[in-house]
Each structure stands twice: as C-alpha cells, then as structure tokens.
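Colleague: Could you take me through one part of this model slowly, as you would for someone in their first year? I'd like to hear about the strands and the turns between them, and then whatever connects to them.

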Amino acid sequence: MENLTNQVLELRDGKKYFILRQAAYKGKSYFLAAELTQDGEDFTNNFIFLEKVTGENDGNAGFGVMEVKDPTVLDVLAKNIKLD
C-alpha cells in the first residue's frame with residue numbers, strides 16, 4: 001500500500017484534500033483528509049474519510065477515491081484513526 005500521508009489529492013470536482021492519516025480495513029485503504037481552500041494554501045474546517053478505489057478509471061490505469069458513507073465503516077475508522 002503506497003503511503004499518501006502528507007500529500008494532496010485533487011478530486012475531479014476540483015476539491016483538494018490533504019491526507020492526514022491512512023489506514024487499511026478489511027483489505028481496503030482509507031484516508032482521513034482535510035479539505036483545502038480553493039487556492040490550496042490553507043485548511044478548511046471540513047474533514048472527510050475517503051476510500052481508495054483501484055482499477056481502470058476512464059481508460060487510465062490508476063486509482064480514484066470516493067467518500068465513505070457506510071456508517072459502520074465510518075464508526076470503525078473514527079475510533080481507530082487518531083490524530084496526534
């Protein structure tokens with residue numbers, strides 16, 4: 001699993017997220033991310049859990065991410081991913 005902690009991911013919708021923590025759960029990779037301002041210079045107050053999705057994306061090999069919405073998974077991640 002490639003470590004993306006402390007990196008910025010830009011989503012298709014243009015939102016940018018700074019990866020604070022990364023974890024694996026049931027064979028999948030998850031990220032705790034903080035949304036960045038449009039200019040990418042500062043953090044907003046929005047935090048999100050993202051799930052890494054691998055495979056073909058628009059004909060390009062690589063990965064994408066999607067927001068975690070499953071309450072059970074969110075509960076596990078929230079209890080186990082800690083910020084120092």
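Modeller: Here is a walk along the chain, with stops at the hairpins, the salt bridges, a pocket and the helix.

Keep in mind from the start that this is a predicted model. The chain has five strands and one helix, and from the N terminus on the order is β-β-β-β-β-α. Buried residues make up 31% of its 84 residues.

Let's begin just ahead of the strands. N6 sits in the segment before β1. Its phi is positive, about 70 degrees, although N6 is not a glycine. N6 is also exposed, with a relative accessible area of 55%. Hold on to that positive phi, as you'll meet another one in a moment.

Next comes the hairpin of β1 and β2. Strand β1 covers residues 8-10 and strand β2 covers residues 16-25, and the two pair in the antiparallel sense over three bridges. If you want a pair to find on screen, take L9, whose bridge partner in β2 is Y17. Five residues lie between the strands of this hairpin, and G14 takes a positive phi there, near 95 degrees.

Now follow β2 into the next hairpin. β2 and β3 run antiparallel too, and eight bridges join them. A pair to look up here is A24 with its bridge partner in β3, S29. The turn of this hairpin has two residues between the strands. K26 is in that turn, in the loop between β2 and β3, and its phi is near 50 degrees, a positive value in a residue other than glycine. K26 is exposed, with 72% relative accessible area. So K26 clears the 50% mark that "exposed" requires.

While you have these strands in view, here's a handy rule for looking at any of them. In a regular strand, side chains alternate between the two faces of the sheet.

From β3 we can cross to β4 by way of a salt bridge. K28 in strand β3 (residues 28-36) pairs with E51 in strand β4 (residues 43-57), and the two are 23 residues apart, so this pair links distant parts of the chain. The closest N and O atoms of E51 and K28 are 3.6 Å apart, and the cut-off for a salt bridge is 4 Å. How do its two ends sit, buried or exposed? E51 is buried, at 12% relative accessible area, because "buried" means under 20%. K28 is partly exposed, with a relative accessible area of 41%.

By the same rule, the count comes to two salt bridges, so let's jump ahead to the other one. K79 forms a salt bridge with D75, and their closest N and O atoms are 3.2 Å apart. Both are in helix α1 (residues 71-80), and because they are four residues apart, about one helical turn separates them. K79 counts as exposed at 52% relative accessibility, while D75 counts as partly exposed at 38%. Set beside the E51 and K28 pair, which links distant parts of the chain, this one stays within a helix.

Just before that helix there's a smaller detail to zoom in on. D70 lies in the loop between β5 and α1. The side chain of D70 reaches the backbone nitrogen of T72 at 2.8 Å. D70 itself is partly exposed, with a relative accessible area of 39%.

Last stop: the largest pocket. About 290 Å³ of space lies in it. It is lined by 10 residues, and the closest to its centre are L11, R12, F63, G64 and V65. The elements that give two or more residues to this lining are β1, β4 and β5, the last running over 60-67. β5 gives the most, with three residues. By character, the lining divides into five nonpolar residues, two polar and three charged.

To tie it together, go back to β1 on your screen. β1 pairs with β2, and β1 also gives residues to the lining of the largest pocket. β4 helps line that pocket as well, and β4 carries E51, the salt-bridge partner of K28 in β3. Past β5, the loop with D70 comes between β5 and α1, and α1 holds the pair K79 and D75.

How values were computed:
Residues are numbered from 1 along each chain as its sequence is written. This is a predicted model: local features need pLDDT of at least 70, side-chain atom pairs count only at pLDDT 80 or more; totals for chains, interfaces and linings use all residues. Side-chain values use heavy atoms; hydrogens and water are left out. A salt bridge is a side-chain nitrogen of Lys or Arg within 4 Å of a carboxyl oxygen of Asp or Glu. Buried means under 20% relative accessible area, exposed over 50%, partly exposed in between (1.4 Å probe, protein chains only). Two strands pair if DSSP finds at least two bridges between them. On a 1 Å grid over the protein atoms alone, a cavity is a set of points where a 1.4 Å probe fits but cannot get out, and a pocket is an open set with protein on both sides within 12 Å along at least five of seven lines; lining residues have an atom within 4 Å of a point. Grid points are joined across faces, edges and corners, and a volume is the space filled by probe spheres set on the points. Ala, Val, Leu, Ile, Met, Phe, Trp, Tyr, Cys and Pro count as nonpolar, Asp, Glu, Lys and Arg as charged, and the others, Gly among them, as polar. A polar contact is a pair of N or O atoms within 3.5 Å; within protein, one must be able to donate a hydrogen and the other to accept it, and residues adjacent in sequence count only if both atoms are side-chain atoms.
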